[in-house]
Amino acid sequence: MKVSGYYDPHPLVVLGRHLAIIGLLATETRAVGRRVAALSGLPFYDLDRAIEHQEGRSLRQLVTLSGEAGLRAAERSVLDRILDAEPRGILSLGDGALIDSASREAVATRTTLWALELELHECFWRVRALQAAAEDGRWHPVERAIGRVSELRPYFQLRSPGLSSAQKRVSAYRKGSGAQATAILEQLLAEVEP
C-alpha cells in the first residue's frame, strides 16, 4: 500500500539473530551499520554509543577513569543487553569489542558477524588521517599515536581472534560505507529470498 506522505516501517527482512558488524581502526562500522539498517528497515544498535549512554561519559573519559578493563566490563554488560533486544537488528561493534573472550563468544553464538576487511597499509593511512584531524591528538579512546605501519601489527594481533570469528566478510578497501552496506544488504536479501 502506498499513500502519499506515508512511510511503512516494516523491515525488508526479519532476522533470527542480530547482524553484527566489526572492523579495524578507521573502518566505518557505524556508518555501514546505519546504512544497512536504513535500507533494510531494521533497528540499529551502536555498542559504543550505548556504553556512553549507560556510563554517562565518553569512551575516552571511561578509559581515563577506569582504564581499558573498565571499558571492557561496561562493554560486556551493554552487549548482553543489546543481544537480548527485540526486534533483532544491525549492531555496530567498536574495533576492540571482541578482544574480551566472553564478548567474542557471545557475539559468535548470538549474531551473524560481518567483518569489514582492510589491509594493514590501508588501515595505516586511514589512521594517519584520523590522527591529523584530531584537534587534541586523541583520535581513539585507547590507542596511542601511530607513526609507522609496524606499530599497527600488535593492534592487528590483539584483534585478530575477533575478526577471524566473522562468518561473513566484505572488503572495505577503497570502498565507501555505501558500497559496503549495499554488499551486505544484497547478500542478506539473497539468503532470505525463496
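# Salt bridges, packed helices and odd backbone spots

Asp 48 has a relative accessibility of 14% and counts as buried (under 20% relative accessible area is buried, over 50% exposed, in between partly exposed, with a 1.4 Å probe and protein chains only). Before you start: this is a predicted model, where local features need pLDDT of at least 70 and side-chain atom pairs pLDDT 80 or more, while totals for chains, interfaces and linings use all residues. Residues are numbered from 1 along each chain as its sequence is written, and side-chain values use heavy atoms, leaving out hydrogens and water.

**Exercise 1. Find the salt-bridge partners of Arg 30, and say which parts of the chain each pair ties together.**

*Step 1.* Get the rule straight: a salt bridge here is a side-chain nitrogen of Lys or Arg within 4 Å of a carboxyl oxygen of Asp or Glu. By this rule, the model has 12 salt bridges.

*Step 2.* Take Asp 46. Its side chain meets that of Arg 30 in a salt bridge, 2.4 Å from N to O. Asp 46 sits in strand S2 (residues 44–46) and Arg 30 in helix H1, so this pair links parts that are 16 residues apart in sequence. Helices (H or I, at least four residues) and strands (E, at least two) are DSSP runs, numbered from the N terminus.

*Step 3.* Check how covered the two are. Asp 46 is buried, at 9% relative accessible area, whereas Arg 30, at 24%, is partly exposed.

*Step 4.* Take Asp 48. The closest N and O atoms of Arg 30 and Asp 48 are 3.6 Å apart, and the two form a salt bridge. Asp 48 belongs to helix H2 (residues 47–55) and Arg 30 to H1, so parts that are 18 residues apart in sequence get tied together.

**Exercise 2. How close are the N and O atoms of Glu 86 and Arg 88, and what is special about the peptide bond after Glu 86?**

*Step 1.* Glu 86 and Arg 88 form a salt bridge, with their closest N and O atoms 3.3 Å apart. Glu 86 is exposed, with 57% relative accessible area, but Arg 88 is buried at 19%.

*Step 2.* Now compare with Exercise 1: there, shared partners join Arg 30, Asp 46 and Asp 48 into one salt-bridge network.

*Step 3.* Look at the backbone. The peptide bond joining Glu 86 and Pro 87 is cis, with omega of about -5°. You'll find Pro 87 in the loop between H3 and strand S3 (90–92).

**Exercise 3. Describe how H1 packs on H7, then how H2 packs on H3.**

*Step 1.* Start with H1 (residues 29–40) and H7 (residues 177–192): their axes come within 8 Å and cross at roughly 50°. Axes are lines fitted to C-alpha atoms, for helices over the stretch in contact, with angles from 0 to 180 degrees between N-to-C directions. That makes H1 oblique to H7 (under 35 degrees is roughly parallel, over 145 roughly antiparallel, 65 to 115 roughly perpendicular, the rest oblique).

*Step 2.* Name the touching residues, where contact means heavy atoms within 4.5 Å. H1 brings in Ala 31, Val 32, Arg 35, Val 36, Leu 39 and Ser 40, and H7 answers with Ser 177, Gly 178, Gln 180, Ala 181, Ile 184 and Leu 185.

*Step 3.* Sort the residues of the H1–H7 contact by class: seven nonpolar, four polar and one charged. Here Ala, Val, Leu, Ile, Met, Phe, Trp, Tyr, Cys and Pro are nonpolar, Asp, Glu, Lys and Arg charged, and the others, Gly among them, polar.

*Step 4.* Now for H2 and H3: their axes lie 9 Å apart at an angle of about 110°. H2 and H3 are therefore roughly perpendicular. The contact includes Leu 47, Asp 48 and Ile 51 of H2, along with Leu 59, Leu 62 and Val 78 of H3. By class, the H2–H3 contact has 10 nonpolar, two polar and six charged residues.

**Exercise 4. Is Arg 159 buried or exposed, and which residues does it touch?**

*Step 1.* Locate Arg 159: it is in helix H6 (residues 153–164).

*Step 2.* Its relative accessibility is 4%, so Arg 159 counts as buried.

*Step 3.* Leaving aside residues up to four places away in sequence, Arg 159 touches Leu 24, Arg 72, Asp 95, Gly 96, Ile 99 and Glu 143.

**Exercise 5. What are the phi values of Ala 26 and Arg 174, and where do these residues sit?**

*Step 1.* Ala 26 isn't a glycine, yet its phi is positive, near 75°. Ala 26 sits in the loop between strand S1 (18–23) and H1.

*Step 2.* Arg 174, also not a glycine, has a positive phi of about 55°. Arg 174 lies in the loop between strand S5 (168–171) and H7, and it is exposed at 68% relative accessibility.
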